[in-house]
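Here is a friendly note to read alongside the model. Please keep the picture open as you go through the points.

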Amino acid sequence: IVVPGGGLTLDGRPTAWVQRRLREAAKLYNELSAAGAHIVIVTLSGGTPHKPMPVDPRSGFQVGEAEGNARFLIRELSIPAEAIIEENMSLDAIGNAF
């Protein structure tokens, strides 16, 4: 299951529209896993070069989109970390394809 980026809030959380994508990915993951399939969710994007990366208020470190989205899947939607791959090198949708 591939989840495109779409921005993070200033504190490194997915935007509302990305949260909808993540919730749908989690729903598909749970349904397919329950049917016995081995499923992986891939979160995409390192961010955009057009604005600074958000900073996690707890750690003080920058948060890339793939990381912020993976955190949401794990912390908010109870997806196991081992079922998530973060692709954090691309800076736009074209880069995601490569």
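1. Let's begin with the two helices, in what is a predicted model. H1 and H2 are oblique to each other, because angles that are not roughly parallel, antiparallel or perpendicular count as oblique. The angle at which helix H1 (residues 16–34) packs against H2 is about 50°, and their axes lie 10 Å apart. As background, an angle and a distance between the axes are how two packed helices are described.

2. The crossing of H1 and H2 also has a hand: right-handed. Which residues make the contact? From H1 come Val18, Gln19, Leu22, Arg23 and Ala26, while H2 supplies Asn69, Phe72 and Leu73. Sorted by class, this contact has five nonpolar residues, two polar ones and one charged one.

3. Now turn to the sheet. Three strands make up an open sheet, ordered E1-E2-E3, with parallel pairing. Its edges are strand E1 (2–3) and strand E3 (84–87), each of which pairs on one side only. In general, the strands of a sheet pair through backbone hydrogen bonds.

4. Look more closely at E2 and E3. Strand E2 covers residues 41–44, and its parallel pairing with E3 runs over four bridges. To find your place on screen, try isoleucine 41, which stands opposite isoleucine 84 in E3.

5. Finally, where does helix H2 (residues 65–75) pack? H2 packs on the sheet, where it touches E2 and E3. The direction of H2 makes about 140° with that of E2. H2 is thus a good place to finish your tour, as H2 also packs with H1.

Terms used. Residues are numbered from 1 along each chain as its sequence is written. This is a predicted model: local features need pLDDT of at least 70, side-chain atom pairs count only at pLDDT 80 or more; totals for chains, interfaces and linings use all residues. Side-chain values use heavy atoms; hydrogens and water are left out. Two strands pair if DSSP finds at least two bridges between them. Helices (H or I, at least four residues) and strands (E, at least two) are DSSP runs, numbered from the N terminus. Contact means heavy atoms within 4.5 Å. Axes are lines fitted to C-alpha atoms, for helices over the stretch in contact, and angles run from 0 to 180 degrees between N-to-C directions. Angles under 35 degrees count as roughly parallel, over 145 as roughly antiparallel, 65 to 115 as roughly perpendicular and the rest as oblique. A crossing is left-handed if the near helix is turned anticlockwise from the far one by less than a right angle, and right-handed if clockwise. Ala, Val, Leu, Ile, Met, Phe, Trp, Tyr, Cys and Pro count as nonpolar, Asp, Glu, Lys and Arg as charged, and the others, Gly among them, as polar.
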